[in-house]
Amino acid sequence: MAARTGKQFLQGLRDGRALWVGPDKVASMTDHPALSGAAAALAEVFDLQHREAEACLMPDPETGEPINVSHMIPRNHADLQKRHRGLERTAEYSVGLMGRTPDYMNVTFAGFAGRHDEWAINGNEQGAENLVRYQKKLRREDISLTHAIVHSNVDLAKGKYPVGFDPVQLHKVEETEHGIVVRGSRVLATLAPFADELAVYPGGPMPDAAGVHALSFCIPMNTPGLKFICRDSVSTSTNLYEHPLSSRFDEQDAFVIFDDVEVPRERLFIDANLPVYNTVMKTSWWPNITQQTMIRAQTKLEFAYGLANRMAEALNVTAQPQTQQMLGELTMFTEFARATVYAAEQASRDLGNGLWGCDQRPLLALRAALPTWFPRVNEIIRLIGAHNLLTTPSRAALADEKLRPLIDKYLLGVGVDAEQRSRLFRLAWDFTGTALGSRNEQYERFYLGSVGRCLTHAHLQADRLRANRLVDRFLLEELDEPAVLQAAVAAS
């Protein structure tokens with residue numbers, strides 16, 4: 001099939017999966033009012049790769065069919081640059097608001113396949129072979145994939161990961177003729193209504209867990225026994241004028257229940273093998289996937305900066321020192337993000353087995369900063385917008401023959417008419433103040449881990465050689481106090 005179109009993507013969603021949004025068991029992702037806007041947006045992402053084929057597509061290395069560049073297993077710096085251009089196009093479509101467009105999982109599994117040797121330890125050669133085979137299927141069928149990698153937790157005082165056996169968390173129940181049966185739950189399947197398949201793989205090591213929790217596999221969303229319970233929708237309307245972002249970019253999040261789900265043996269990558277589970281994510285995953293995640297973040301920051309600038313211009317407050325300082329703060333965030341991605345790509349290297357990836361040190365630092373940057377970005381936009389964010393006539397009010405002349409007279413901006421002013425501040429409010437804005441702020445606060453976890457990881461992965469050398473110069477030098485004093489006296 002190779003790279004799919006939006007129409008082909010939408011046809012694939014009609015699979016009878018067990019998925020609930022609020023009280024509704026959803027029969028059609030494309031018709032339900034809470035999901036139709038995002039379904040159409042994801043279809044646009046699939047069409048985008050054909051419109052921007054030069055940046056977004058490449059030939060499959062074995063078949064020559066066109067595939068998305070996010071499926072590439074990079075082998076050199078030039079490959080990373082090519083992948084960057086395609087990832088950037090995808091991020092620009094949703095201005096970084098969709099953190100789980102399919103390219104995220106495409107990059108993840110390309111990295112897994114590139115370091116399949118990491119998956120083949122401790123007798124898991126068959127699991128590694130299954131993984132490589134699945135990655136070929138993923139790219140050639142252009143599958144939209146979501147994941148659930150976080151263990152459900154009932155009592156955090158007992159630890160984040162299971163100690164011994166925990167029946168709530170996903171675990172292997174038994175062997176079958178064709179595979180294994182799994183039971184339990186996981187979070188958080190972002191993009192669940194718009195994915196073709198679900199991936200389970202390690203979110204982190206589980207040093208004290210029972211082996212039955214150590215699982216990795218991919219299965220179709222309509223697999224019997226698989227159930228998805230979505231959070232409340234933040235897509236309140238399909239009106240693009242009044243809700244320009246939330247009407248189309250609510251990618252949804254779902255709690256996943258595995259109610260005795262059979263996983264075919266050829267879909268298993270880790271089968272109750274704790275040593276493999278605890279090691280496969282330690283080396284190559286971060287420097288590979290964070291190229292995609294930080295390009296998305298940079299794009300979102302640039303959009304926020306442009307939005308804040310446009311509001312300041314419409315209000316004619318760009319000359320005010322406090323406004324300039326806040327815009328400068330957004331500039332700082334944007335430029336740090338841009339420089340970080342550039343530095344990481346420039347210092348890229350072979351991660352092992354021929355897989356080429358970014359220098360993870362600058363990307364880990366940026367990742368640790370984003371959970372505090374994005375809430376501040378929202379605050380700045382709301383401070384600049386002030387009450388203007390709430391004086392935004394609806395399209396119906398603008399269409400009213402009696403109201404429109406008054407709106408044109410009293411709600412215009414500098415360089416923009418009343419309608420453009422309303423659109424501008426509605427866009428800003430949808431970005432920061434609506435349910436979508438709140439969901440996305442929460443998402444960014446815990447994206448790839450909390451602030452504390454991100455800072456800890458950045459510290460543990462830091463290169464201390466030069467820092468230690470600079471300190472050791474003073475701590476390890478031989479001090480001859482009398483000679484030092486004599487030299488000082490002589491010099492005076």
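**Exercise 1. Two helices side by side**

Task: In this predicted model, work out how H10 and H11 are oriented to each other.

Solution:
- Locate the helices. H10 covers residues 321-346 and H11 covers residues 360-385.
- Take the geometry. The two pack at an angle of about 155°, and their axes are 10 Å apart.
- Apply the cut-off. Angles over 145 degrees count as roughly antiparallel.
- Conclude. H10 and H11 are therefore roughly antiparallel to each other.
- Add the handedness. The crossing of H10 past H11 is left-handed.

**Exercise 2. A salt bridge by H11**

Task: Find the partner of Arg361 in a salt bridge, and give the N to O distance.

Solution:
- Name the partner. Arg361 meets Asp359 through their side chains, at 2.8 Å from N to O.
- Judge Arg361. Its relative accessible area is 41%, so Arg361 is partly exposed.
- Judge Asp359. Its relative accessibility is 10%, so Asp359 counts as buried.
- Recall the cut-off. Buried means under 20% relative accessible area.

**Exercise 3. Links between distant parts of the chain**

Task: Describe the salt bridge of Glu62 with Lys136 and say where each residue sits.

Solution:
- Start with the whole structure. A search finds 31 salt bridges.
- Pick this pair. The closest N and O atoms of Glu62 and Lys136 are 3.1 Å apart.
- Place both ends. Glu62 is in the loop between strand E3 (57-59) and strand E4 (66-68), while Lys136 is in helix H7.
- Read the separation. The two residues are 74 residues apart, and the pair links distant parts of the chain.
- Check the cover. Lys136 is partly exposed, at a relative accessible area of 25%.

Task: Do the same for Glu175 and Arg265.

Solution:
- Take the distance. The closest N and O atoms of this salt bridge are 3.1 Å apart.
- Place both ends. Glu175 is in strand E7 (residues 171-175), and Arg265 is in the loop between strand E12 (254-264) and strand E13 (268-271).
- Draw the conclusion. The ends are 90 residues apart in sequence, so the pair ties those parts together.
- Check the cover. Glu175 is partly exposed at 46% relative accessible area. Arg265 is also partly exposed, at 35%.

**Exercise 4. Backbone exceptions**

Task: Compare Asn122 and Asp142: what is phi at each, and is each one buried or partly exposed?

Solution:
- Know the background. Most residues other than glycine have a negative phi.
- Read Asn122. Its phi is positive, about 55°, although Asn122 is not a glycine.
- Place Asn122. The loop between helix H6 (116-119) and helix H7 (125-140) holds Asn122.
- Read Asp142. Its phi is also positive, about 50°.
- Place Asp142. The loop between H7 and strand E5 (145-147) holds Asp142.
- Compare the cover. Asn122 is partly exposed at 48% relative accessible area, whereas Asp142 counts as buried at 4%.

Task: Which kind of peptide bond joins Val187 to Leu188, cis or trans?

Solution:
- Know the background. Most peptide bonds are trans.
- Look at omega. From Val187 to Leu188 omega is near 0°, and the bond is cis.
- Place Leu188. Leu188 is in the loop between strand E8 (179-187) and strand E9 (197-200).

**Exercise 5. A nonpolar patch**

Task: Name the residues that make the nonpolar surface patch of about 320 Å².

Solution:
- List the members. They are Leu403, Leu406 and Tyr410.
- Place Tyr410. Tyr410 is in helix H13, residues 403-410.
- Check the cover. Tyr410 has a relative accessible area of 58%, so Tyr410 is exposed.

Technical notes. Residues numbered from 1 in each chain as written. Predicted model: local features only at pLDDT ≥ 70, side-chain atom pairs only at ≥ 80, totals over all residues. Heavy atoms only, no water. Patch = residues over 30% accessible without salt bridge, like charges linked within 9 Å, V, L, I, M, F, W, Y side chains within 5 Å. Areas by Shrake-Rupley, 256 points an atom, 1.4 Å probe, with all protein chains shown as cover. Salt bridge = Lys/Arg side-chain N within 4 Å of Asp/Glu carboxyl O. Helix = DSSP H or I, 4+ residues; strand = E, 2+ residues; numbered from the N terminus. Buried < 20%, exposed > 50% of the residue type's maximum accessible area, 1.4 Å probe, protein only. Axes fitted to C-alpha atoms, helices over the stretch in contact; angles between N-to-C directions. Parallel < 35°, antiparallel > 145°, perpendicular 65-115°, else oblique. Left-handed = near helix turned anticlockwise from the far one by under 90°.
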